[in-house]
Amino acid sequence: LVKKPTALWALMTILWLPIGFVLTVPRMIIGLCLPVNMLYYGYRALGIRIIVKGTPPISMKDEKRHGALFVCTHRTLLDPLIVSCAVGRPIIALTYSLSRLTEVISPIPTMRLTRNREKDALNICNLLKRGHLTICPEGTTCREPFLLRFSSLFAELTDNIIPVAVNCHLGMFNATSARGWKGLDGFYFFLNPSPIYEITFLNNLPQELTCAGGKSPNEVANYIQRTLGATLNFECTNLTRKDKYLTLVGHDGSVSCATKIF
């Protein structure tokens, strides 16, 4: 629940649930059936607002030469899909702990990260030769107005980096879970009466602020974290994905631990 369940709010939630279930089904179906370039309008018709600020600084010519890496903040599992909606075409999403079913039915291509640094770096480089990618360096979602520490791997692999500030506003249900089945996160997002996604595309990272310009990977990652934090008015932290899961559920959030519990 987004808000403390007072008597009035609990009553409103209960009254909304039947309507919400009826509305959630078509919201989920159009995500699977409509082409990505039409999803924006389909979602809009069903009460989901996608607010796009800025223009993605990409072109088909650039993509044929070398894809751009969209570095995003991570609010829900739908972030890469909404970024693709904003761009108007499917962009490969780099994922970690998605279920196999979610990967199969995903409207956009996905590539599972293994947490093996060398293997992941090779796979990302190969994919960038074919097109654009989205990555969430926090490694997990965060509900609060904070940014977790960014992993620096992405900064080592390309200097064609586009920071993307992603935020969402939900009325009744949080679309993230630490204890439950992650496959339901999207369901709870669509169950909200009128969810809003805000996507802000910033300019390409200047060459002098990339590793090619002499910066270390950590400096690049920290700079992008601070830039996105300032854009969203979020506080930047040094907390990691592991810190989040140790605090909330008592394990490190790895797939093996999650499988044992869930």
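This is a short talk through some of the helices, side chains and pockets of the structure above.

Hi everyone, and thanks for coming. One thing to say at the start is that this is a predicted model. I'll go through it region by region, so feel free to follow along in the 3D view.

Let's begin with helix 4, residues 79–87. How many of the nine residues of this helix are buried? Nine of the nine are, so helix 4 is largely enclosed by the rest of the structure. If you'd like to find them, the buried residues are Asp79, Pro80, Leu81, Ile82, Val83, Ser84, Cys85, Ala86 and Val87. Just after the helix comes glycine 88, which takes a positive phi of about 100°.

Now step back along the chain to histidine 74, in the loop between strand 2 (69–72) and helix 4. Is histidine 74 buried or exposed? With a relative accessible area of 11%, histidine 74 is buried, because the cut-off for that is under 20%. Setting aside neighbours within four places in sequence, histidine 74 is in contact with Asp79, Cys136, Glu138, Thr140, Thr141 and Cys142. Asp79, as we just heard, is one of the buried residues of helix 4. Cysteine 136 is 62 residues from histidine 74 along the chain, yet their C-alpha atoms are separated by 5.7 Å.

Two of those contacts, Thr141 and Cys142, lead us to the second largest pocket. About 360 Å³ of space lies in this pocket. It is lined by 16 residues, and the closest to its centre are Thr141, Cys142, Glu144, Lys244 and Leu248. Which element gives the largest share of the lining? That is helix 10, residues 241–248, with four residues. As for chemistry, the lining divides into six nonpolar, five polar and five charged residues.

Since cysteine 142 has come up, let's talk about cysteines. How many disulfides does a search of the whole structure find? Zero. Take cysteine 33, which is in no disulfide: the nearest cysteine sulfur, that of cysteine 85, is 14 Å away. Cysteine 33 is exposed, with a relative accessible area of 59%. Cysteine 85, for its part, is buried in helix 4. And why is cysteine 142 without a bond to cysteine 168, which holds the closest cysteine sulfur? The two sulfurs are 11 Å apart, too far for a bond, because a disulfide needs them within 2.5 Å. Cysteine 142 counts as buried, at 9% relative accessibility.

Next, the aromatic side chains. Across the whole structure, a search finds eight aromatic pairs. In one of them, tyrosine 43 and phenylalanine 190 have ring centres 5.9 Å apart and planes at 35°, so the pair is tilted. Tyrosine 43 lies in helix 2 (residues 36–45) and phenylalanine 190 in helix 8, so this pair ties together parts that are 147 residues apart in sequence. Both partners are buried: tyrosine 43 has a relative accessible area of 2%, and phenylalanine 190 has 6%. Phenylalanine 190 also pairs with phenylalanine 189; here the ring centres are 5.5 Å apart and the planes are at 75°, so this pair is edge-to-face. Phenylalanine 189 is buried too, at 1%.

Staying in helix 8, residues 185–190, we meet phenylalanine 187. Which residues share one aromatic cluster with Phe187? They are Phe21, Phe173 and Tyr188. Phenylalanine 187 and phenylalanine 173 are 14 residues apart in sequence, and 9.8 Å apart from C-alpha to C-alpha. Beyond four places in sequence, phenylalanine 187 is in contact with Phe21, Thr24 and Met28.

Let me finish with two threonines in strands. Threonine 95 is found in strand 3, residues 92–95, and is buried at a relative accessible area of 10%. Not counting residues up to four places away, threonine 95 touches Glu103, Thr110, Met111, Arg112 and Leu113. Threonine 200 sits in strand 8, residues 196–201, and is also buried, at 13%. With the sequence neighbours left out in the same way, threonine 200 touches Lys53, Pro163, Val164, Ala165 and Thr231.

That's my tour, and thanks for listening!

Definitions and conventions:
Residues are numbered from 1 along each chain as its sequence is written. This is a predicted model: local features need pLDDT of at least 70, side-chain atom pairs count only at pLDDT 80 or more; totals for chains, interfaces and linings use all residues. Side-chain values use heavy atoms; hydrogens and water are left out. Contact means heavy atoms within 4.5 Å. Buried means under 20% relative accessible area, exposed over 50%, partly exposed in between (1.4 Å probe, protein chains only). On a 1 Å grid over the protein atoms alone, a cavity is a set of points where a 1.4 Å probe fits but cannot get out, and a pocket is an open set with protein on both sides within 12 Å along at least five of seven lines; lining residues have an atom within 4 Å of a point. Grid points are joined across faces, edges and corners, and a volume is the space filled by probe spheres set on the points. Ala, Val, Leu, Ile, Met, Phe, Trp, Tyr, Cys and Pro count as nonpolar, Asp, Glu, Lys and Arg as charged, and the others, Gly among them, as polar. Rings of Phe, Tyr and Trp (its six-membered ring) pair if their centres lie within 6.5 Å; planes under 30 degrees apart count as stacked, over 60 as edge-to-face and the rest as tilted.
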